[in-house]
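Here are some remarks on the fold and packing of this model, set out as numbered points for you to follow alongside the coordinates.

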There are 2 protein chains.
Amino acid sequence: MNSRTYNAAGLQHFCASLFSRAGVPAGDAKIIAESLVGADLRGVDSHGVVRTDIYMRRLEAGMMNTDGHMPVRQDGPVTLLDGNNHFGAVVGTKALGLSLQGAKQFGNAVVGVKGSNHFGTCAYYLLQAVQQNVVMMILSNASQTMPPTGGIRPFIGTNPFSIGVPAGNRIPFVLDMATSVVARGKIIVAAQKGESIPEGWALDRHGNMTTDAKAALEGSVLPVGGAKGYGISMFIDILCGVLTGAGFGKYVNNMYENWQEPQNVGHFFIAIDISRFMPVEQFKARMDTYLEEIKSEPKAPGVEEILIPGELEHRCTLERLEKGIRLPESVERELVDWGSRYQVDLAQALL
Amino acid sequence: MNSRTYNAAGLQHFCASLFSRAGVPAGDAKIIAESLVGADLRGVDSHGVVRTDIYMRRLEAGMMNTDGHMPVRQDGPVTLLDGNNHFGAVVGTKALGLSLQGAKQFGNAVVGVKGSNHFGTCAYYLLQAVQQNVVMMILSNASQTMPPTGGIRPFIGTNPFSIGVPAGNRIPFVLDMATSVVARGKIIVAAQKGESIPEGWALDRHGNMTTDAKAALEGSVLPVGGAKGYGISMFIDILCGVLTGAGFGKYVNNMYENWQEPQNVGHFFIAIDISRFMPVEQFKARMDTYLEEIKSEPKAPGVEEILIPGELEHRCTLERLEKGIRLPESVERELVDWGSRYQVDLAQALL
């Protein structure tokens, strides 16, 4: 049997049932499942239901809170949210709500978050924010995977930088990028296929540039654009970690490796209410103009289309909503195992 | 006679006198000069007094306002500033003041700016912000120099991304980067020396990758990290241009080429008061820990030191304050010419 195809709603229901039966309140379980399946829909499989296994393992090991208690300290448009070691998607969703509320009330808002966990893709939150006519920047730090420029071992995370902006007739601008040259997932795939990777992607564990995918996985991923990506990743660590009171650098724990302590991930949300600058319809018309002018630019030979950040992922979502989500056998096997443990039937989610 | 060396204070006085005698109010003239010489001090010569000539030419041609009228629309922590076509450094300084004031009053503030001009380096403003215990992000759009990913001609600017964060015993974190692979200035230098440039820096005017520096200057500079730099540059254009009402894409005019219309550059300032998150001293201690831990990381062979963004520029400033600023002959000649036109003696500024 090769990999099979699942429908998004079914898969989401399956994952939510798992989390819920393992002790997560139903509403939160739904959020976590939606965040995972949302990533699969967008083609960001590395952040999809493949994470169910580690989330469930940490939950069962008592490494995460589920009691819903997340202290909020609000001071006008500035909020500090203590995720109190809840699931990242639950903490992120709370932060999203606070930042949207702040933006509507004050015009703009920042929400710093400490005590969180891996919170999936930033795009999951951005897509909700743009519905509210808000420009949203979301940052998160992560456990160590990249060396500083000139260093030889991981110190900073591939800390994502993201921003979402609504448009009018066009789909929203959704930039959600790791600050590494490439996603570590691509190196994993190359290693599995026995292929080499291009120079410039990664260092081996001795700090030498390597094109050997397996050696790269034992080493570190390089920041995008050299010192520039290093600087961007640092600033994200500073806002998400140093400023909020969360971990930073080595104090953000790896969820696969550290079973003694919470991750203490930090996030940072900056929300701006568009209507404080100009009428929303006017802004959206300007966005459409901007995006359409870029898309109309002359193209290099062999280039079919000039793309806007988020455009491919939007198309992938439409396609996978219709044609389903294909899961690798290894992921399928993990889900089946969890399903039998909690009496949830993955087959119900088959397309 | 080869290039000669000038002292920073003298050079600043010289430039301020020029601007002032050409009609800029004395206080504003001082700001513009300080911004230029500040860039030279930091080793960012491309944004230093080399820009005096174009600033003076646009001023004389009546392309810039100097009357001090810059409408401000304030709504809680959100401000829209209309630079009303004043010098960029004057507009930027006004925006800096508004954003610092907003951060102190509300905890955080955003200031969108339209109707501005080339405003020098972001670092000029960041260095003032960090003195106020504020985390400051400053963005600006710029006239077209980079193609979108897949495109062949300039559409977006090398829109700078910048952030400044104070530390305790260590120098502040000051990241101020163009969103291109390299500064266009480096390509200009290569062209002058008849050297080739590395693959990946630029396209020729037909949209082909080129290693010929002269061909690159007629073509376009590439965004840092491919599609990632393209996305970052776009988001900056969106915040600075689309949202504020300033120009964006082709509507930001090139100051060297367009003598009919104002530049209509846009900026965006985001200021966060550190004390709303934790006591400033605690934050600074955490920053010092973070920076010291990065600097203590093991280094790759041949690497002498792991650097923090802004560290080299800080050292350069100390050195040039002491040993002076060496100007290329071509720049010296321009300044002498302007000096004789307005009876200001450049020789007074010699070290």
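**Notes on strand, sheet and domain packing**

1. Strand β6 of chain A, residues 161–165, is mostly covered, with five of its five residues buried. This is a predicted model, and the points below should be read with that in mind. In a regular strand the side chains alternate between the two faces of the sheet. Both faces of β6(A) are covered, since A:Phe161, A:Ile163 and A:Val165 are buried on one side, and A:Ser162 and A:Gly164 are buried on the other.

2. The pairing of this strand can be followed on either hand. Strand β5 of chain A (residues 134–140) pairs with β6(A) in the antiparallel sense over four bridges, and within that pairing A:Met136 has A:Gly164 as its bridge partner. Strand β7 of chain A (residues 173–177) also runs antiparallel to β6(A), to which it is joined by five bridges, and here the bridge partner of A:Ser162 is A:Asp176.

3. Which residues touch the most other members of the largest nonpolar core? They are A:Phe161, A:Phe235 and B:Phe235, in a core of 84 residues. When neighbours within four places in sequence are left aside, the contacts of A:Phe161 include A:Met137, A:Ile138 and A:Leu139, as well as A:Leu175, A:Asp176 and A:Met177. A:Phe161 is also in contact with A:Phe235 and A:Ile236, and with B:Phe161, B:Ile232 and B:Phe235 of chain B.

4. In chain B, seven strands form an open sheet with mixed pairing, in the order β2-β3-β4-β11-β5-β6-β7. The edge strands are β2 (72–75) and β7 (173–177) of chain B, each of which pairs on one side only. Neighbouring strands of this sheet are turned by 10° against each other on average, direction ignored.

5. At the β7 edge of this sheet, strand β6 of chain B (residues 161–165) runs antiparallel to β7(B) and is joined to it by five bridges, and B:Ile163 has B:Leu175 as its bridge partner in β7(B). Two helices should be examined together with these strands. Helix α5 of chain B (residues 123–130) lies across β5 (134–140), β6, β7 and β11 (265–273) of chain B, and runs at about 165° to β5(B). Helix α8 of chain B (residues 227–242) packs on the sheet through contacts with β4 (108–116), β5, β6 and β11 of chain B, its direction making about 95° with that of β5(B).

6. Helix α3 of chain B (residues 52–60) is mostly covered, with seven of its nine residues buried, among them B:Asp53, B:Ile54, B:Tyr55 and B:Arg58. The buried residues of α3(B) pack against α1 (8–21), α2 (26–41) and α11 (329–342) of chain B. After α3(B) comes B:Gly62, whose phi is positive, near 75°.

7. Chain A is divided into domain 1 (1–62 + 324–351) and domain 2 (70–180 + 223–296), and the C-alpha centres of these two domains lie 24 Å apart. Their contact takes 18 residues from domain 1 of chain A and 20 residues from domain 2 of chain A. The area buried between the two domains is about 1,700 Å², of which carbon and sulfur atoms give 66%. On the domain 1 side, A:Arg42, A:Tyr55 and A:Arg58 supply 35% of the area that this domain buries against domain 2 of chain A, more than any other three residues.

Terms used. Residues numbered from 1 in each chain as written. Chains lettered and ligands numbered in written order. Predicted model: local features only at pLDDT ≥ 70, side-chain atom pairs only at ≥ 80, totals over all residues. Heavy atoms only, no water. Core = buried A, V, L, I, M, F, W, Y, C linked by side-chain atoms within 4.5 Å. Buried < 20%, exposed > 50% of the residue type's maximum accessible area, 1.4 Å probe, protein only. Contact = heavy atoms within 4.5 Å. Pairing = 2+ DSSP bridges. Axes fitted to C-alpha atoms, helices over the stretch in contact; angles between N-to-C directions. Domains from an automatic or database assignment. Buried area = accessible area lost by both parts, 1.4 Å probe.
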